[in-house]
Amino acid sequence: MMGVDEEKSEGEGKVWSLCRMPKLWQMSSGNGNGSSSSSSSSMGNNNVYQQTPSSERSAVTSSNAFFSMAKSLLPARRRLRLDPSNKLYFPYEPGKQVRSAIAIKNTSKSHVAFKFQTTAPKSCYMRPPEGILGPGESLIATVFKFVEPPENNEKSMEKKSRVKFKIMSLKVKGETDYVPELFEEQKDEVTVEQILLVVFLDPERSCPALEKLKRQLAEAEAALESRKKPQEETGPRIVGEGLVIDEWKERRERYLAKQQVEGVAPT
């Protein structure tokens with residue numbers, strides 16, 4: 001009985017092995033030419049392997065195109081942090097030139113050039129209109145605007161300004177001096193940081209936005225005065241330059257006197 005069981009198990013094993021390999025069973029029982037069938041299958045496999053790289057390349061190309069398109073749809077990475085982030089607050093004083101302020105900070109690890117633009121360059125201007133900030137450096141820019149009186153029966157505080165401001169940024173190498181051509185030469189690398197809308201505030205009514213504006217304007221004025229101080233304190237340098245000039249004159253006079261003596265001596 002044990003021998004019968006062993007033969008049965010061996011037979012079942014052969015049956016299972018044949019069931020597991022249907023292609024081999026078909027090739028061996030089809031036309032009896034196993035070599036030709038195996039060669040044709042190997043050729044088919046070779047064709048599959050030859051076609052695989054091109055299909056993979058097309059898949060990679062399509063995936064790269066997809067990622068590039070997705071990247072173009074994503075918002076550009078900001079280099080500057082603005083405060084206020086998307087508005088410029090002005091006190092509403094019709095017929096007068098008023099001021100707003102915005103803090104600009106370079107949050108990147110490289111030097112960044114910035115530039116202001118406005119839809120009303122004749123009635124608005126910025127100080128400074130452009131510049132370069134080092135990593136972590138910040139400043140408060142002052143924006144000047146002329147407020148036109150309301151038309152007809154329009155209420156003063158209901159007047160809306162169509163003027164917009166745009167702040168752009170550009171990554172630059174090292175401590176580069178700012179020149180207007182920077183943004184033109186590298187316009188493909190320019191990032192629009194923000195479009196700023198104009199919001200009017202009632203100067204007679206205190207509010208957090210107005211109080212913050214007053215603090216920023218005061219800080220901007222203090223920074224401007226501190227930048228002026230080195231120029232005003234150039235007195236000693238001027239005196240020093242004057243001493244250098246006086247010394248040069250004295251040496252020149254001695255040289256001329258020596259030349260005159262040497263010229264007279266031979267005679």
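Strands here are DSSP runs of at least two residues, numbered from the N terminus. On that basis, Pro128 falls in the loop between β5 (124–127) and β6 (130–133). The model is predicted.

**Overall make-up**

The protein has six helices and nine strands. Of its 267 residues, 22% are buried. Among contacts with a separation of 6 or more, 71% join residues 24 or more positions apart.

**Two cis peptide bonds**

Pro128 follows a cis peptide bond. The bond runs from Arg127 to Pro128, with omega near -5 degrees. A cis bond also joins Asp83 and Pro84, and here omega is about 0 degrees. Pro84 sits in the loop between β1 (80–83) and β2 (87–91).

**Ser169 and its surroundings**

Ser169 belongs to strand β8, which spans residues 164–172. Is Ser169 buried or exposed? Its relative accessibility is 0%, so Ser169 counts as buried; the cut-off for buried is under 20%.

Which side chains make polar contacts with that of Ser169? One is Arg79, at 3.1 Å. Another is Glu193, at 2.5 Å. Both residues also appear in the contact list of Ser169, which leaves aside neighbours within four places in sequence. That list further includes Leu80, Val112, Ala113 and Phe114. Phe183, Glu189, Val190 and Thr191 complete it.

**The largest pocket**

The largest pocket holds about 290 Å³ of space. It is lined by 13 residues, and those closest to its centre are Arg77, Arg78, Arg79, Ser108 and Lys171. Arg79 therefore has two roles in this account: it lines the pocket, and its side chain makes a polar contact with that of Ser169. What is the character of the lining? Seven of its residues are charged, four are polar and two are nonpolar.

**Aromatic pairs**

The structure holds three aromatic pairs. Two are set out below.

| Pair | Arrangement | Centre to centre | Angle between planes |
|---|---|---|---|
| Tyr125 and Phe144 | stacked | 4.6 Å | 10 degrees |
| Tyr178 and Phe183 | tilted | 6.3 Å | 50 degrees |

The Tyr125 and Phe144 pair links distant parts of the chain. Tyr125 is in strand β5, and Phe144 is in strand β7 (residues 138–146). The two residues are 19 apart. Phe144 has a relative accessible area of 7%, so it is buried. Tyr125 is at 40% relative accessibility and counts as partly exposed.

The second pair also joins a buried ring residue to a partly exposed one. Phe183 is buried, at 4% relative accessibility. Tyr178 is partly exposed because its relative accessible area is 22%, and buried requires under 20%. Phe183 is also one of the residues in contact with Ser169.

**Pro203**

Where does Pro203 lie? Pro203 is in the loop between β9 (191–201) and α5 (208–232). At 27% relative accessibility, Pro203 counts as partly exposed. Its C-alpha atom is separated from that of Pro91 by 5.3 Å, although the two residues are 112 apart along the chain. Pro203 touches Pro91, Tyr92, Glu93 and Leu210, not counting residues up to four places away in sequence.

Definitions and conventions:
Residues numbered from 1 in each chain as written. Predicted model: local features only at pLDDT ≥ 70, side-chain atom pairs only at ≥ 80, totals over all residues. Heavy atoms only, no water. Helix = DSSP H or I, 4+ residues; strand = E, 2+ residues; numbered from the N terminus. Buried < 20%, exposed > 50% of the residue type's maximum accessible area, 1.4 Å probe, protein only. Polar contact = N/O pair within 3.5 Å; in protein donor to acceptor, adjacent residues only side chain to side chain. Contact = heavy atoms within 4.5 Å. 1 Å grid on protein atoms, 1.4 Å probe; cavity = no way out; pocket = protein on both sides within 12 Å on 5 of 7 lines; lining within 4 Å. Points joined across faces, edges and corners; volume = space filled by probe spheres on them. Nonpolar A, V, L, I, M, F, W, Y, C, P; charged D, E, K, R; others polar. Phe/Tyr/Trp six-rings, centres within 6.5 Å; stacked < 30°, edge-to-face > 60°.
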